[in-house]
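Trainee: I would like a close look at a single part of this protein. Please take one buried strand position and work outward from there.

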Amino acid sequence: MPKIQVNGIDLFYDIKGTGEPLLLIAGFLCDHAYWSLIMPSLISQYQVIRLDNRGMGRSSAPKSQYSLKQMARDVAALLDHLAIDKVHLVGHSMGGQIAQELVLAHPEKVQSLMLLSSLAKGDGLFNSIIETWGELCDKVDLKLYEKVVLPWIFTDTFYSIPEMIEGLIEFAIRYPFPPATHSLYYHSQAILECDTTDRLQKIHCPTLVLVGKQDILTPLKFSQQLTQGIPNAELVVLDTGGHGFLIESPDTVISAMLNFLQKFKPGYTI
C-alpha cells in the first residue's frame, strides 16, 4: 500500500478500479476502510482514490494542531503527486468539511462534489458533542469510547440487532491501525474551528448533498444550509439510516451517489 511525503507527513492512499477519478475522504474516527461496503459498486465504474487523513490509519499523526484547510492541502498534494487534474470528490461528515475546503481552494481540481452527512458549521449541540469526544478519548479505553460515540452514529433499528454493534466495537478494538488519542483531539478542534457558511456561494461545481432522515449528529438542517448556500446543489434525503448510513444502508447510499454521477457520463440526457 503506497505512501507519499506531503506537507511534512507520510500520507497513506489506496487506488482501485478504472475510469474517471473519484476521491473519497472519510470523517472523524475513520480512515479509508470506512468506504469498504460501497467500494465494489464504485470500482466497477471509477478509479477510486481513498486516503487516510493525517492522524488516522497509516498516515502520520504529528503532535501538533491540525486544521481542515491543512488536510485539504494534503489531498491537493496527493492529486498533484498522482498527476490527476480533476476528480469527482466525496466527503463524509468531517471529510465533507475537508472537501469543501479543497474545492474552495482548488476549484479547478473538482468536477463534482458530494457532501454526505456533512455541514458548514456546527450548532451548540453538535459542538458540545464533538468537544466531548475530543476531550474523552484519552480518559477511557477504546471500547468505552466506541460505546459513547456509536449511539450518535446509528439508528435504533440498527441497535435492535445487537451483534451488529458488538461486531463494530470488536472490529475497532482489533483494528491494527487505531487512531492516536492526540489525533482525535486535534481532529475535534479542527471540526469546531471550521466554518464555510460565508463561502458556500463560491462553490460552483455540481453538488449532491446527501443525508439520512434519522441522522441525529448532523441533522437535516445542516444539509439544508449547505444546499441553500451552494448555487448548484441538490439535496437528497434518505428514508433509511442515520449518520453512519455508509455502514447501515450502503445500498441506498451507493444508489444515490451513482444516480448523481450518471449525469457526468458521455451522452447523458434527462
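Mentor: Histidine 88 counts as buried, because its relative accessibility is 1% and the cut-off for buried is under 20%. The model is a predicted one. Histidine 88 sits in strand E5, and that strand covers residues 87-92.

Look at what surrounds this side chain. Setting aside neighbours within four places in sequence, histidine 88 is in contact with Glu20, Pro21, Leu22 and Leu23, among others. Strand E3 runs over residues 20-25. The contacts of histidine 88 also include Tyr46, Gln111 and Ser112. From far along the chain come Leu261 and Phe264, which are contacts of histidine 88 too. Alanine 233 makes a useful distance marker. It is 145 residues from histidine 88 along the chain, and their C-alpha atoms are separated by 14 Å.

Now go to leucine 89. Leaving out residues up to four places away in sequence, leucine 89 touches Leu23, Ile25, Ala99 and Leu102, among others. Its list also includes Val110, Ser112, Leu113 and Met114. Leu23 appears among the contacts of histidine 88 and among those of leucine 89. Ser112 is likewise a contact of histidine 88 and of leucine 89.

Leucine 89 leads into the core. The largest nonpolar core has 61 residues. Leu23, Leu89 and Trp133 have the most contacts inside it. Helix H2, residues 68-81, gives the most to this core, with seven residues. Another core lies apart from it, with 26 residues. Ala26, Cys30, Leu208 and Phe264 are among the members of that other core. Phe264 is one of the contacts of histidine 88.

Next, check the two ends of the strand. Alanine 83 is in the loop between H2 and strand E5. Its phi is positive, about 55 degrees, although it is not a glycine. Alanine 83 is exposed, with a relative accessible area of 63%. On the other side, serine 93 is found in the loop between E5 and helix H3, which spans 94-105. Serine 93 also has a positive phi of about 55 degrees, and it is not a glycine either. Serine 93 counts as buried, at 9% relative accessibility.

Move to strand E4, residues 46-51, where leucine 51 has its place. Leucine 51 is buried, with a relative accessible area of 1%. Beyond residues up to four places away in sequence, leucine 51 touches Leu11, Phe12 and Tyr13, among others. Leu23, Leu24 and Ile25 are also on its list. So are Asp31, His32, Val75 and Leu78. Leu23 therefore links to our starting point, as a contact of histidine 88 within the 4.5 Å limit. Phenylalanine 171 is 120 residues from leucine 51 in sequence and 20 Å away in space, C-alpha to C-alpha.

Two partly exposed positions complete the local picture. Lysine 16 is in strand E2, residues 9-16. At 33% relative accessibility, lysine 16 counts as partly exposed. Its C-alpha is separated by 8.8 Å from that of arginine 50, which is 34 residues apart along the chain. Serine 36 lies in the loop between strand E3 and helix H1, residues 39-43. Serine 36 counts as partly exposed, at 36% relative accessibility. Serine 36 and proline 250 are 9.6 Å apart in space, C-alpha to C-alpha, yet 214 residues apart in sequence.

Finally, set this part in the whole chain. The protein chain has 11 helices and eight strands. Of its 270 residues, 52% count as buried. Among contacts with a separation of 6 or more, 77% join residues 24 or more positions apart. A compact globule of 270 residues would have a radius of gyration near 18 Å, and the 17 Å of this chain agrees with that. The C-alpha trace spans about 55 × 40 × 35 Å along its principal axes. The accessible surface comes to about 11500 Å², and carbon and sulfur atoms hold 53% of it. There are 21 positive and 28 negative side chains, and the centres of the two sets lie 4 Å apart.

Definitions and conventions:
Residues are numbered from 1 along each chain as its sequence is written. This is a predicted model: local features need pLDDT of at least 70, side-chain atom pairs count only at pLDDT 80 or more; totals for chains, interfaces and linings use all residues. Side-chain values use heavy atoms; hydrogens and water are left out. Helices (H or I, at least four residues) and strands (E, at least two) are DSSP runs, numbered from the N terminus. The radius of gyration is taken over C-alpha atoms; the globule rule is 2.2 Å times the number of residues to the power 0.38. Buried means under 20% relative accessible area, exposed over 50%, partly exposed in between (1.4 Å probe, protein chains only). Accessible areas come from the Shrake-Rupley method with a 1.4 Å probe; for residues, only the protein chains shown count as cover. Lys and Arg count as positive and Asp and Glu as negative; His and the chain ends are not counted. The place of a charge is taken as NZ of Lys, CZ of Arg, CG of Asp or CD of Glu. A nonpolar core is a set of buried Ala, Val, Leu, Ile, Met, Phe, Trp, Tyr and Cys residues joined through side-chain atoms within 4.5 Å.
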